[in-house]
Structure formats: structure tokens, C-alpha cells
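Student: Could we go through this structure together? I would like to know how its parts fit.

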2 protein chains.
Amino acid sequence: MAQFRTPRGTVTTPMFMPVGTQGTVKGISPDELLAIGSQMILGNTYHLMLRPGEDLVAAHGGLPGFTAYPGPFLTDSGGFQVMSLGHMRKISEEGVVFKSHLDGSLVDLTPERSVAVQEALGADVIMAFDECPPFPAEREYITRSLERTVRWLDRCLSAKSRPEQALFAIVQGGIHPDLRQRSLDLTLPFATPGFAIGGLAVGESKAEMYPAVDFTTARLPADKPRYLMGVGHPEDLVAGIALGVDMFDCVYPTRTGRFGYALTDDGRLNMNSSGPRRDLRPIDEDCDCYACRHYTRAYLAHLVRAEEMLGPRMLSLHNLRYLHRLVERARASIEQGTFVDWATDWGLRYFKGALPEWFAQTLRATEATPA
Amino acid sequence: MAQFRTPRGTVTTPMFMPVGTQGTVKGISPDELLAIGSQMILGNTYHLMLRPGEDLVAAHGGLPGFTAYPGPFLTDSGGFQVMSLGHMRKISEEGVVFKSHLDGSLVDLTPERSVAVQEALGADVIMAFDECPPFPAEREYITRSLERTVRWLDRCLSAKSRPEQALFAIVQGGIHPDLRQRSLDLTLPFATPGFAIGGLAVGESKAEMYPAVDFTTARLPADKPRYLMGVGHPEDLVAGIALGVDMFDCVYPTRTGRFGYALTDDGRLNMNSSGPRRDLRPIDEDCDCYACRHYTRAYLAHLVRAEEMLGPRMLSLHNLRYLHRLVERARASIEQGTFVDWATDWGLRYFKGALPEWFAQTLRATEATPA
């Protein structure tokens, strides 16, 4: 457990960051985000540069003024989303040219442009523009890509003009320890104020992913935030924390909420199924979110069946609060020196009695690490 | 201006009631409804009896327990919505048989069943089961229908078993003064604790509707609430208040909000148009709603274009607050004895400089009435 300072407040890690892709955490107001314990919100450079455009955000004084969320923000570089466009984009040493998903126009995104956009968006933490290879990818491609990512990091740092923004580098290397090591060797000398673990959660299994997380976190400086990008599900937060991850982000809690699912210690509750339809209990007796303090499962199931907007709104709110509470519980157990016991108990309940090997392995890795 | 007491609180009239068709005011939480000055929420018997069924609502202790809105509720009788089903329903002296829009099953709705459902839903004010003729309708049909509505009122009152619920009768008669008078003559002797003006806002012009409102309110007891059902737009609230209406309800503020429109004293602002796209002002400088205190028009226009849930949510909230504030301003002007001046100024701005004759006529009717 640790803290780090940003211009808009000090955050306590480990933490989960809600994703505000288009300048809003889907369906949730800033006051609600503060009430459920959100500390830092993620914004997406790719989406915001296309619509409404970074100039309009800058005219509001950046994302805090635009979105009315008064706390710290982190923006991604746009790299990951541009890479995901597949045949709609072309990568070169200079950067990426892609077709906008909104109007088909051709857009350039380079390390310099990514930094300029992120400066206009005004987040507290900005990310280096990296190349994230798909999974699976050839070793040779991953190698070329991680080396280019380092050159792009250098260009990002040269382009950066706002000292109040912290730029985090991104370590690549796929699931290969030697390539992760190569990326670390080239990236660590830049001594950025934080480091992200990139190139994971892109299609590999959890049994392949977590050893790569373990390998990387173990070699990143302990006194700087370690950010596992695009992760995760509840089990990913517990496993990631076991391996020393400080920061997470994922659209999962809001997306699965819009699909009618509620996160609990017993797994996902499907509000479309018949189970909750006449159940007068809250989603979670222990949860302090607005939905759990006010509504029965039966009411929320009714909202979902009736396709009422309040349904996805309340399930998204609950799911975000669930992940924040999960991280808070993990932090408390770390403080008490009982993390492995807590995580084991949580996992046994969540996984219905049997821990998956990949999950158990992350807990053994924790035990092997001196506190 | 007046007040009336309900088991769940005293309300001040005139008032606008947000509509919670399926057990939720679309997109808005109970705390938000309280914060914007909502006093009473309308629930729809037709929708709730079909889904989730009145038994489940009763198992929550009625609508307040089900929806978590702690204040007074009013439920309609289901009559209006069943009548709107057209060829999907059959009316007889006994009641209405209709096809559920959800699963096509045949459902009976009679005065007795409507009261039983409304008792299970547990609102503070319940409505008589009436027949609302379409517009236009033959005089003979309107006459038969208003007489049947009175027989149904009698059956509703006989079926009613919960003294804490106030049942309001509904005056019919279309736009014909003599038929309105006939309905009044037959209905007033029941001396229910409030009266609704039914059969309007079903297709007739405002120039046809408002004389019928005027005729009816002038003949309803001044010491009991007068409720103009299914109305209205901002101009309808001002005109209705001029004619002595105490209660209004309409889906308009939330529906137009979901379509991307914001209500203002200058008329409807279309957030899909280019005007607001770079406008850094709030929707309304004078509005105290969450959206106006936190967001620019440009941000809200972005949400609407990006099809973000927060857009319809915030526009619905603002529009409800706009109507509540409009009624509050009307009440304040009544207290100060300046209603006609206030309504004239409001109308000149809202209608861009020229009051429609039907609107001006409602203000003249006010001036002609001793205070």
C-alpha cells in the first residue's frame, strides 16, 4: 500500500480507475464517483480527439472542467485503441495513420501528437504512446515493436511541455520473460514517475498472463506506481495486487452492468435470470452503494427486464463500488498483514470452493516476496 | 395556491408530478427527485399490473418500498392506457378486456380490479377507472361513455377498502360544455376528495382544449385538488394554473430529454443541433439543477451526440427541474398577486414575442375570476 501525489490530489494505491471513455463514466455522475470512492478517472485520447476534439476539452480547462469530475485523471495515449483498429490503421516508425470510426477520415497519431492531445486534455497522469502487438504475435514482431515503443517513449518525453503532468512509460514484451526483460532494460533508464505493464489482457490465458505480470512487477521500482492497463475483473484485481500492481482500469464493471450483471463475492449475479426476480434482498448486504442501500434484487431485475435506464445506471454504480470496495478490503488486509489469508478466503468463495492454479500461484508469489 | 395532506406528506399546489410509468421516473433516482422539488410521483397501473405485477410491488410495501421514493404517489386507473390500445381491447359495461403488449395474453380490467391493483400498489391518491373516448368522437358516444364512467366510479368507491387512500373522480365530456356539465352534474355528488379533468389532451387543439378546462375548473369545488391528467408542456402548466388547475403530470420532460431537448424560458433547446456544440454556458444560468450547476451546453451536446447515458439522464433531470421551478415561480407570483403579469412576461419570452390567442385567453380568464 502506498500513496502518490498528483496536482489534483493524493491517491492511495492499489486502486481501480473507472473508465470515462468519451468524457463520462457511462451513466454515472461525478458526485456519485466521489461517493463510491473513485480516486482517479481514465479518459481515452483516441475517442476524445475524434469527438468532441481536444480543443473543446481544453476550452473547458481540460477534463476536470469538461466532465465536472474534480479529482485526478489519467489519459491513455490512444495507442492501444488505434492498434485495435486492425486493417483500419497503418503503423510506421513515424506513428500510426488510421481511419476514424466516426466518419472514415484519415487521422495521424504520432508520439508527439498523442502528447499534445493529452496535454490539451489536461490529465494528471499521461501515458507514453506505445505499440501493443496483438496476441499471438511472432517473437520478432514483439521485439521490433518493444524497441520502437522505447524510441516513441523518447519522442514523447521530448515533446512533453507541461511539468505538472506525469508521463508513465509502458513496458512491453508479451508473455516472454526475455522480451519483458529487454523492454525493462531499455525502459527503466528513462526513470519516469510510474510504469505501466502493457501488452497483456489481449487474448492470452490468465495462466500465461500472470507469470508475465509477476516477472515485470518484480523488476519495476517498488517506490513508483505500477499500472496494469485494461485489467480487470474482480479476480484480476486480487491477483494483480498479490503481484504488486498498484493501478488498474477496465470498462468491465460498467459494461457488465449495462448487460444486467451485478458483481458480488459469489460471482456475477445475472439480473436477467429468474433467480433475482422475486428476491427481496439487496444485491449485497455488505455493500454501501446507493443501489444496495435502496433497492431489492427484485426491483433491479424489474428495471433490467423493463429496459429502464435506472437499471444499467444502478448496476454500473454497484459494480464500480464493488471493485473499489474489493481494493479497499485488499488494502486493509495488507495493512493487517493478512492479505494471503484474506485473498484465499475471498477466492474460495468467488471460485466456489477451488482456486484456479493461476490464481493460487499469484498468492504463493506474494508469500515468497518479503513484505 | 393551496396544500393537501396525504399519508406520506403534505403537498403544495399547483404542482407537476413526474411520471414513473414502470416504477421509475426514467433515469432519475429518488434522491434526485427529492432534490429537484418533486412532491408526488405518478405510477401507471396498466404497466405495473403487467410487469412486475402488483403482488411483487405489494410485497415491497407498495410503490414507496419498491421504488425507494419515500414521498406521496398517485396511480392512474389503467383506463386511459387500456383505451389507447385500440383494436387490442374490447370495452363493455363490465370493464375492458385487452391484450397485454408484453405477451399478448388476455387481461381483464374492471373498476373493481383497477381499485384492487391500486390498493396493492399502495399510492396515496388513486384514480377512478374511467372511459376516455378518443378525439374526435360522436357526441352520443361521449355521452354514453361519461355516464358509464359515473357507474364505474360508483363501483370503484364500493370496491375501495383502504381508507388511507384518496380516490379522485374523473370528469369527462370531451370539449362540449353541455356534456362537461352533464358529467359534472353526475360526478360532483360523489364528493370525492379531489377531481380530475379527463378526456383532454387526446388530439384536440389547444384552442379547443382550454375552454373545456376553463369550463370544468370553474365548476369544480375550489377547496379540493383539480387535476388535469396527462398535461403538460411548459405553456400548458402556465395556462392550466391560470385556469385554476392544481395538479399536472406528463412524460414530456423526460421523453423530450431522452430525445436530446432541454426546456428553457426561450423554448426547447435542441442539443443535437450545432448551436450548443461549442457553447460554454449552462443550459440555463438561473437553474439550480445538477446539470446546470456542473455542465456546459457543449458538454451535454457531446454526451447526446456520443449517445452517452449521462446525456438523457441529465436532460431529463434538468427538464423536470425546469417544470418544478416553473410551477414554483407561478406559485410565488400568485402569492404576490402578480400572476398575470408574470405569466404574460413568461409567455412573451417563451412564444418569441407574441402570445397565442388560446394562451392569452387563459390569462384573461384569470383576470376575470375574483381571487
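Tutor: What follows takes up the two copies, the annotated sites, one helix and some backbone details.

Student: What should I know about the model before we begin?

Tutor: This is a predicted model, in which local features need pLDDT of at least 70 and side-chain atom pairs count only at pLDDT 80 or more, while totals for chains, interfaces and linings use all residues. Residues are numbered from 1 along each chain as its sequence is written, chains are lettered from A and ligands numbered from 1 in the order in which they are written, and side-chain values use heavy atoms, with hydrogens and water left out.

Student: How is chain A laid on chain B?

Tutor: A turn of 180 degrees with a shift of 0.0 Å along the axis lays chain A on chain B, with an RMSD of 0.0 Å. The superposition is by least squares on the C-alpha atoms of residues with pLDDT of at least 70 in both copies. The two copies are thus related as by a two-fold rotation axis. In chain A, the C-alpha nearest the axis belongs to Met309(A), at 3.9 Å.

Student: And which surface do the copies meet through?

Tutor: The copies meet through the same surface, because 100% of the interface residues of chain A are also interface residues in chain B. Contact here means heavy atoms within 4.5 Å.

Student: Changing topic, what does UniProt list as "binding site"?

Tutor: The unreviewed entry lists Cys287(A), Cys289(A), Cys292(A) and His318(A). UniProt positions are given in the numbering used here, feature names are shortened, and annotations may be inferred rather than shown by experiment. These residues span 32 residues in sequence, yet no two of their C-alpha atoms are more than 8.1 Å apart, so they gather at one spot.

Student: Where is the "active site" placed?

Tutor: UniProt, again in an unreviewed entry, places that feature at Asp76(A) and Asp249(A). They span 174 residues in sequence, but their C-alpha atoms are no more than 10.6 Å apart, so they gather at one spot. Asp76(A) is found in the loop between strand 6 (73–75) and helix 5 (79–83) of chain A. Helices (H or I, at least four residues) and strands (E, at least two) are DSSP runs, numbered from the N terminus.

Student: How do helix 10 and helix 16 of chain A pack?

Tutor: Helix 10 (residues 234–242) and helix 16 (residues 357–368) of chain A pack at an angle of about 30 degrees, with their axes 8 Å apart. Axes are lines fitted to C-alpha atoms, for helices over the stretch in contact, and angles run from 0 to 180 degrees between N-to-C directions. That angle makes helix 10 of chain A roughly parallel to helix 16 of chain A; angles under 35 degrees count as roughly parallel, over 145 as roughly antiparallel, 65 to 115 as roughly perpendicular and the rest as oblique.

Student: What about helix 10 and helix 15 of chain A?

Tutor: Their axes come within 11 Å and cross at roughly 160 degrees, helix 15 being residues 339–350 of chain A. Helix 10 and helix 15 of chain A are therefore roughly antiparallel to each other.

Student: Lastly, which residues does a cis peptide bond join in chain A?

Tutor: One such bond joins Thr13(A) and Pro14(A), with omega about -5 degrees. Pro14(A) sits in the loop between strand 2 (9–13) and strand 3 (15–17) of chain A. In chain B, the bond from Arg51(B) to Pro52(B) is cis as well, with omega near 10 degrees.
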